[in-house]
Amino acid sequence: MERRRIAIIGVGQIGKHHASEYAHVGGVDVIAVCDVNKGEATRVAEQYRVPHVYTDFRKLLQRDDIEAVDVCLHNNFHAPVTIAALEAGKHVYCEKPIAGSYRDGAAMVEAAAATGRMLHIQLGTLYSKETKAAKALIDAGKLGKLYHARSTGFRRRGRPFVDGYGSMAFTQKATASGGALYDMGVYHISQLLYLLGLPKVARISGQTYQEMEMLQDRREQSKFDVEELGLGFVKFEGGVTLDIVEAWAIYLSSFEGSSIVGSEGGIRMPYRTSQGAHSFSYHSTVADLDLNATIDLDAMDSRNHLLNPNEWAYDSSQGHWAAALNGLVPLLPTAELALNTMLISEGIYMSSTLGREVTAEEIAASSISTAIDLSTL
């Protein structure tokens, strides 16, 4: 592949992870990093042999030798920085969720269309072996007509900062806009939207909770004002439905994992925990016998890589981005998936506040920008 020159904006926890991933992906060279913390930006640049360091992303965007940027900032910074980069002629890869609100996400998608630049959102579950196996079964018609899906995400006590992991920025609406749904739910909901063929949202009902105890000093420091548990039910045009449960913290031992059912079969996708992953399974009826089958995902993956020369382009979000920048594969519709996931999450918040079911049109019309005004910084 031809080497593509990119830059990373934001070198916190996520930015460091992206830099590490690029070190293992061919076809891209990270030539600049940017962060308001110059010392940390310099340290990361030295670690990954990045030649240029900036503290002002605007100056970085003035470089004409950078064709794409990777935005690794907190949610409410995504839209202003991404739009500025698109308007500067750069392709943009942005960390999930797409933004802090549906309105901001829609503005990002519109800016990409207006500038003719690619917009890619980090949705890591799209590249998992489980997603590939599920899509193969669905595309082969082994589930028949799809009619319901379940999206689940589980942590026993995994709230950022208050339970010891991550920063306070995850727990405040001012920077994150949402909690478990924005942080974890985006992965599971977008995965199911992808497998369902991106059906159009019609109506949503939902409820959010923050009920479990936390250390008082951590509560005060974090200013924790987002949900630890989000529940939702989505009706799509055409009759398909989706139920959602996403927990940063809950007094249960586990959830069963996400699933999709159709008229001729069903699939259950595992979630990964510190104890490992549950088995991916396919369920159907054969010769009037109830079949519950497990699949050798590693064998499937090995065969796919032997038969398909560009299979590596679907092994990771960064690898897919590198391949798309080089024109080897078409970019998956990650921006559209992320935007519709945002619509669903924001709909759950709206329904929880109003105490009733809401329509997709209501959600879009009532969404407001939560983007940080960068002109004041």
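## Exercises on two sheets and a chain

E4, H4 and E5 make a right-handed β-α-β unit; right-handed means that, with the strands pointing away from the viewer, the path from the first strand over the helix to the second runs clockwise. Helices (H or I, at least four residues) and strands (E, at least two) are DSSP runs, numbered from the N terminus.

Before you start: this is a predicted model, where local features need pLDDT of at least 70, side-chain atom pairs count only at pLDDT 80 or more, and totals for chains, interfaces and linings use all residues. Residues are numbered from 1 along each chain as its sequence is written, and side-chain values use heavy atoms, with hydrogens and water left out.

**Exercise 1. Follow the chain from E4 to E6.**

Step 1: Start with E4 and E5, which run parallel and are joined by four bridges. Two strands count as paired if DSSP finds at least two bridges between them. Look for alanine 68, which sits opposite histidine 91 in E5.

Step 2: From E5 the chain goes through helix H5 (residues 102-115) to E6, in another β-α-β crossover that is right-handed.

Step 3: Check how E5 (residues 91-94) meets E6: they pair in the parallel sense over three bridges. Valine 92 has leucine 119 of E6 as its bridge partner, and cysteine 94 has isoleucine 121.

**Exercise 2. Work out which way the side chains of E5 point.**

Step 1: Recall a rule: in a regular strand the side chains alternate between the two faces of the sheet.

Step 2: Now look at E5. His91 and Tyr93 point one way, while Val92 and Cys94 point the other way.

Step 3: Are these four buried or exposed? All of them are buried, that is, under 20% relative accessible area with a 1.4 Å probe, protein chains only (over 50% is exposed, in between is partly exposed).

**Exercise 3. Lay out the six-stranded sheet.**

Step 1: Read off the order, E3-E2-E1-E4-E5-E6; the sheet is open and its pairing is parallel.

Step 2: Find the edges. They are E3 (52-54) and E6 (119-121), each pairing on one side only.

Step 3: Add the twist, which averages 25° from one strand to the next. Then place helix H4 (residues 75-87): this helix packs on the sheet and touches E1 (4-9), E4 (68-71), E5 and E6, and its direction makes about 160° with that of E5. Touching means heavy atoms within 4.5 Å. Axes are lines fitted to C-alpha atoms, for helices over the stretch in contact, and angles run from 0 to 180 degrees between N-to-C directions.

**Exercise 4. Do likewise for the nine-stranded sheet.**

Step 1: The order of this open sheet is E16-E15-E12-E11-E7-E10-E9-E8-E17, with mixed pairing.

Step 2: Its edge strands are E16 (289-294) and E17 (358-359), each pairing on one side only.

Step 3: Place helix H6 (residues 129-139). H6 packs on the sheet against E7, E11 (258-262), E12 (266-269) and E15 (281-286), and its direction makes about 175° with that of E12.

Step 4: Zoom in on E7 (residues 146-153) and E10 (residues 241-247), a parallel pair joined by six bridges. Here glycine 153 stands opposite glutamate 246.

**Exercise 5. Sum up the chain.**

Step 1: Tally the secondary structure: 13 helices and 17 strands.

Step 2: Along its principal axes, the C-alpha trace spans about 65 × 55 × 40 Å.

Step 3: How much of the chain counts as buried? Of the 377 residues, 54% do.
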